[in-house]
Amino acid sequence: MANLVIIESPFKAPAIKNYLGSGYKVFASVGHLRDLPKSSLGVDVENGFEAHYINIRGKGDLIKELKKEAKNANKIFFATDPDREGEAISWHLANVLGIPVEQTRRICFNAITKSAVKEAVKNPRNIDLELVNSQQARRILDRIVGYKLSPFLWKTVRSGLSAGRVQSVVTRAVVDRENEIRAFVPKEYWTVEALLTTEKGSKLTAHFYGKGGDKLELSDRAMADTVLSAVDGKPFHVTSVKKAVRTRNPAPPFTTSTLQQEAFRKLGFQSQRIMRVAQELYEGINLGSANGGTQGLITYMRTDSLRVSPEAQAPAKAHILEKYGDAYCPKTERVYKSKNGAQDAHEAIRPANLELEPDAIKKQLTPDQYKLYKLIYSRFMASQMASAELDTVNLELENNGYIFRASGSTLRFPGFLAVYDDTEEDDEHKKERLPELHEGEALACEKLLPEQHFTEPPARYNEGSLVKFMEEKGIGRPSTYNAIITTILSRGYVEREGKSLKPTQIGEITNDIMVKQFNNIVDYAFTARMEDELDSIAGGETDMVTVLSRFYEGFEKDLALAEKTVSKEEITVPEQETDIICDKCGARMVIRQGRFGKFAACPNYPACKNTKPVDKDGKLVEKTETAEKTGELCEKCGGEMLKRRGRYGEFIACSNYPKCKNTKQILKPVGVPCPKCGAQIVAKNGKNRSFFYSCEKYPECDFLSWDQPTDKTCPDCGAPLYVKKGKQQLVCHEKSCGYKKDLPADEGVR
């Protein structure tokens, strides 16, 4: 009997199967199998907040298959992701399979490598109920807030709105920043630069600092003119020359937060894209047989820890010695301290195998995977290297009692900068190189450059700076940052403007109600304390019911008061009118927000239901004909059939739509003859974007299969072999035969 390993993502299966060998079967749960029901609260608030979980629709066949495999397995290992969400998924799996918690074998690995996976299997533990309860508490809190608050918003603001415990407070941050920008009053200030020349003809630029040793702000033109008239035409004298060697330390390896900030800044990736690509790198990339097949390239990407294991530091030091030399190794190994409140459950994000250098495996990676992997690899290597050294010079010059300053630096020893150059964050070592000067030396002034400036308002948040804000305020956790940003964008509370985030009109109205009626929910400190309480459940310091009861008591009172005091008549949701005229009733159309973004709608809805597509600026998007002619005629009306592109890919449709709604799928031949009639087998789109296979002459020939046909035959009975749906396995079409064969981990199948 084989051992059964249950993971979350099917993309991890080839690598883990390859590491563990034929004595193990690897199945994926594809996330949660159970959740709270969508149609009801699903939480008994009167009886200890007991949650009523149900099997997720569409997972029935998978559950049956897992039960069957579990029944025949020697041992069952729960290998879901190494965080609270993964712990809860394992707990749900154990419940579905009828395995008591005390008999479970829970395994975790921070990286999908051979050594990490095998070590985890050797050291299983029971499912940790404290971690499970922490996740349950978060889920129940979010369900209570969303389920109770959303109907209130429907009644008072607009139907279809939703509220969330953490998404509401992050929306508030974006709104607060927008209000700061609106309220900002620019202040005038001036700078004065002096272009100076030494006796030997060398040049430098000095900046006005102050008078008599004190810093002086030039707030208007008059003050600037006073300085100009005092120093114009007079020599500058060097009063101070300070030279030093400045040491610059490398940044620590990435956490989830810093990865999102840096990838946004350097690569221009949005948070959703960053975490999707990081997930791919963690789960495993097929590098080909020459590089060991499918391998996980980075450690777990949801972490707030800066810890690096000794097993990773030793090869990093060896790599640095070999490639750069002894001078690039620090005298003592670097240890980075995680921030207060960090869970420290995992290591920092780092390469799983330093031998897999980014450029060596570039051809096996997508452009996004290569860019992100190189960023993670370089940042980690730099974090283990010696500091950079800079020669710095700071000059102070005097003219008629006024002080000017100049500074410069040159790179003395590159250290970690040989690997990872973050000069966009700190470009001090790029300052100009100053000429050799001595105290008392006189310099001639070639030109004085006064310039007027105005103070700038705070910048809008972008996705990187918003993640930084959440981390600093203790709002959310590494596993939730991306989901929070995605939610507030998809719900229409926040929108992108270039690379920045700004609140929508409906976001601001909803936020105003939340601040007035549910201040705790959108209070930064309160939300951070809730995160701390969830952490305390995970640490066994308190229990789930206590935390939920304390929260619900205040929330219930606030909700009851709001329902009594707030009515829809008090709230005005102004509509953005456009220049687009409704071609059905002649009204001027307005901008509405839907689940897929903005659109123009007739204000006379529901009497007139006309809508039109618009861009992000509310301008009408003219439909262009991009359909390709097929040469076929519609069998229903005789119109020309065109190839079009829809949500789920290309299809063929009648050109007389919407009068004629005849459509046909584009058939994709798989290169295998039909076993019944000899015609081609084609792949077709099924529900949920899955594939099934049929004869191209269907329905005249009734061949259908959910498994992928191949051109191979069974060595036992000669029947055709199929690739089992959802598995890396060949099976015989003749059920009575029972032939099965696992495919190699690096052999791709649809």
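In which sense, and over how many bridges, do strand 12 and strand 15 pair? The legends below take up this question and others, using a predicted model.

**View 1. Strand 12 and its partners, strand 15 and strand 17**. Strand 12 and strand 15, the latter formed by residues 388–399, pair in the antiparallel sense over 11 bridges. Within this pairing, R248 stands opposite A388 of strand 15. Strand 12, which covers residues 236–248, also pairs in the antiparallel sense with strand 17 (residues 442–454), here over 2 bridges, and the bridge partner of H237 in strand 17 is A442.

**View 2. An open sheet of 4 strands with parallel pairing**. The strands follow the order 2-1-7-8. Strand 2 (24–28) and strand 8 (105–106) stand at the edges, where each has a single partner strand, so one side of each is left without a neighbour in the sheet. Strand 1, made up of residues 3–7, pairs with strand 2 in the parallel sense over 5 bridges, and V5 has V26 as its bridge partner in strand 2. Helix 1 (residues 13–20) packs on the sheet and touches both strand 1 and strand 2, its direction making about 165 degrees with that of strand 2.

**View 3. The surroundings of I652 in strand 26**. I652 is found in strand 26, which runs over residues 649–654, and I652 is buried because its relative accessible area, 9%, falls under 20%. Leaving aside residues up to four places away in sequence, I652 touches T630, E632, M641, L642, K643, N662, T663, K664 and I666. I652 and I666 are 14 residues apart in sequence, while their C-alpha atoms are 6.6 Å apart in space.

Notes
Residues are numbered from 1 along each chain as its sequence is written. This is a predicted model: local features need pLDDT of at least 70, side-chain atom pairs count only at pLDDT 80 or more; totals for chains, interfaces and linings use all residues. Side-chain values use heavy atoms; hydrogens and water are left out. Two strands pair if DSSP finds at least two bridges between them. Buried means under 20% relative accessible area, exposed over 50%, partly exposed in between (1.4 Å probe, protein chains only). Contact means heavy atoms within 4.5 Å. Axes are lines fitted to C-alpha atoms, for helices over the stretch in contact, and angles run from 0 to 180 degrees between N-to-C directions.
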